[in-house]
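Me: I'd like to go through this one by asking how each label was earned. Can you set the values against the cut-offs as we go?

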Amino acid sequence: MDLLELDIGRAAHAVTKALDYVGIDDKSHGRRVGLICHRMAHHLGWAQDRRHFILIAGMLHDCGVSSTAIHQKLCDTMEWDGAEEHCLRGEAFLSSFSPFRTYAPVIRYHHTRWEDLPTSLPAPIAKAANLIFYADRLDVAQVTFRQDHSVHDLLLERQTILDSLQPYCGSLFDPTLHKAAQALIQRDSFWLELQDDYLDEAIFETLDDCNHRTHLGFPELEALGELVSKIVDAKSPFTHAHSLRVADLAYSLAGYLGYDEPQKRTLRLAGLLHDVGKLRTPDAVLEKPNKLSPKERAQMKCHPMDSKHVLKGIFPNTPLPKWVSAHHEKLNGSGYPYGWRAEQIDQPTRILTIADIFQALAQDRPYRGRLSLPQILSIMDTMAAQGEIDPTLYSTLKQNAAPLFHIAT
């Protein structure tokens with residue numbers, strides 16, 4: 001996997017689906033905002049390249065939001081004093097991956113009032129940022145309405161929904177956006193395309209109108225992996241830097257086992273991305289200071305399959321989705337989500353599993369402090385004896401325990 005063809009539009013869509021997990025119950029906000037932006041831009045007469053730009057920027061607009069609590073605050077009020085923090089974080093995240101860097105300035109200002117946008121900001125950036133802000137608030141308004149009404153009611157009350165934004169025109173929003181929306185909402189298709197049955201189909205039809213394909217080498221692929229890992233690890237102080245350290249452990253352990261550089265870097269990429277499905281796990285579950293309830297445990301156990309679903313969209317035709325979906329499997333069949341046994345689990349997955357366990361034990365968790373190296377090895381000795389982890393790989397880890405513990409902490 002020295003070089004991988006990546007469709008930037010579809011990669012953005014897959015990243016957005018992962019980000020939409022943060023909403024827990026509302027799993028499509030980012031994609032809806034992107035589509036609203038595109039439809040409004042089309043109505044405003046923007047050129048095709050600008051329409052595709054705003055679709056992708058709109059989808060990625062909440063990449064600075066990892067916490068369900070912050071997501072809820074952004075949905076509860078028209079303006080929130082803490083909104084700028086996730087704008088700055090999103091700008092930093094996108095700037096770290098060159099194909100997404102062009103969207104960073106827009107994300108920086110997507111919660112800034114129209115009247116407060118810096119005069120030094122180029123007009124196309126200012127207009128794009130404010131369009132995302134408007135689309136974001138329009139989507140929140142229609143979702144709030146839909147909580148107690150059907151989609152048919154939505155068609156009947158479309159004007160009421162739009163009117164809720166009218167008082168903010170000229171202050172929060174460019175008045176021309178509201179004027180455009182006034183004409184656009186008369187189309188039934190505008191509202192119907194926002195429903196989950198039609199949403200992705202409408203987005204892919206739009207993305208397929210333009211070629212977003214590019215070839216990325218390992219440096220760019222790892223930059224994308226680090227972007228996603230930072231979003232995941234920002235969800236909780238107890239997951240901070242977990243993905244990065246698992247990635248570096250997997251890379252080092254593979255090196256001790258004689259893997260070549262491309263193989264090691266592919267495993268490192270898997271480590272960066274292995275927990276992306278945890279964006280869907282509620283903050284309260286990740287940060288619970290005592291034993292999880294059966295329901296909470298069930299919520300936690302969903303994340304490997306959620307990770308696989310996201311990665312199949314970003315890295316199709318690679319082993320990454322399979323590896324990350326199986327990193328909680330055990331050789332004796334006691335793991336999840338598949339309950340696979342040793343003969344079904346390949347060595348790269350076993351490496352990822354051991355790296356994940358070792359790092360998690362070396363990290364502070366809400367229910368305990370970080371463990372010392374002897375404590376970690378004692379626990380993993382038992383796991384090896386019970387047939388849960390690969391004894392040969394574990395032996396290699398023990399032989400190099402000191403430098404690997406340094407990486408893990």
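Me: Why is Cys-302 called partly exposed?
Reply: Cys-302 has a relative accessible area of 41%. Buried means under 20% and exposed over 50%, with partly exposed in between (1.4 Å probe, protein chains only), so Cys-302, at 41%, is partly exposed. Bear in mind that this is a predicted model, where local features need pLDDT of at least 70 and side-chain atom pairs count only at pLDDT 80 or more, while totals for chains, interfaces and linings use all residues. Residues are numbered from 1 along each chain as its sequence is written, and side-chain values use heavy atoms, with hydrogens and water left out.

Me: What makes Cys-87 buried?
Reply: Its relative accessible area is 1%, so Cys-87 falls under the cut-off for buried.

Me: And how do you know that Cys-87 is in no disulfide?
Reply: A disulfide takes a pair of cysteine sulfur atoms within 2.5 Å. The structure holds zero disulfides. For Cys-87, the nearest cysteine sulfur belongs to Cys-63 and is 9.5 Å away, so the pair fails that test.

Me: What does Arg-108 touch around there?
Reply: Contact here means heavy atoms within 4.5 Å. Setting aside neighbours within four places in sequence, Arg-108 is in contact with Glu-84, Cys-87, Leu-88 and Glu-91. Arg-108 sits in helix H6 (residues 104-108); helices are DSSP runs of H or I, at least four residues long, strands are runs of E, at least two, and both are numbered from the N terminus.

Me: Is Arg-108 buried or exposed?
Reply: Buried, because its relative accessibility is 15%.

Me: What about His-86: buried or exposed?
Reply: Buried, since His-86 has 1% relative accessibility. This histidine is part of helix H5 (residues 83-95). Not counting residues up to four places away in sequence, His-86 touches His-61, Asp-62, Gly-64, Val-65, Leu-74, His-110 and His-111.

Me: What makes the pairing of Arg-10 and Asp-208 a salt bridge?
Reply: The rule asks for a side-chain nitrogen of Lys or Arg within 4 Å of a carboxyl oxygen of Asp or Glu. Arg-10 and Asp-208 come in at 3.2 Å, N to O, so they pass. Arg-10 belongs to helix H1 (residues 8-20) and Asp-208 to the loop between helix H12 (196-207) and strand S2 (213-217), so this salt bridge ties together parts that are 198 residues apart in sequence. Arg-10 itself is partly exposed, at 29% relative accessible area.

Me: How many salt bridges does the structure hold?
Reply: There are 20. Another one joins Asp-248 to Arg-268, with the closest N and O atoms 2.8 Å apart. Asp-248 is in helix H14 (residues 242-256) and Arg-268 in helix H15 (residues 261-273), 20 residues apart. The two partners carry unlike labels, because Asp-248 is partly exposed at 26%, while Arg-268 counts as buried at 12%. Both belong to a salt-bridge network that links Glu-222, Glu-226, Asp-248, Arg-265 and Arg-268.

Me: Which parts does the pair of Asp-306 and Arg-280 tie together?
Reply: Asp-306 lies in helix H18 (residues 303-314) and Arg-280 in the loop between H15 and helix H16 (283-286), so the pair ties together parts 26 residues apart in sequence. The closest N and O atoms are 3.2 Å apart, so this pair also meets the salt-bridge rule. Asp-306 counts as buried at 12%, and Arg-280 as partly exposed at 28%.

Me: Which residues have the most contacts inside the largest nonpolar core?
Reply: Phe-100, Ile-314 and Phe-315, in a core of 120 residues. Such a core is a set of buried Ala, Val, Leu, Ile, Met, Phe, Trp, Tyr and Cys residues joined through side-chain atoms within 4.5 Å. Helix H7 (residues 123-146) supplies the largest share of this core, twelve residues. As for Phe-100, its contacts more than four places away in sequence include Ile-8, Val-15, Leu-60 and Leu-227.

Me: Last one: why is the protein called as compact as a globular protein of that length?
Reply: Its radius of gyration is 23 Å, close to the 22 Å from the globule rule for 409 residues, so the label fits. That radius is taken over C-alpha atoms, and the rule is 2.2 Å times the number of residues to the power 0.38. The protein has 23 helices and two strands, and buried residues make up 56% of the 409.
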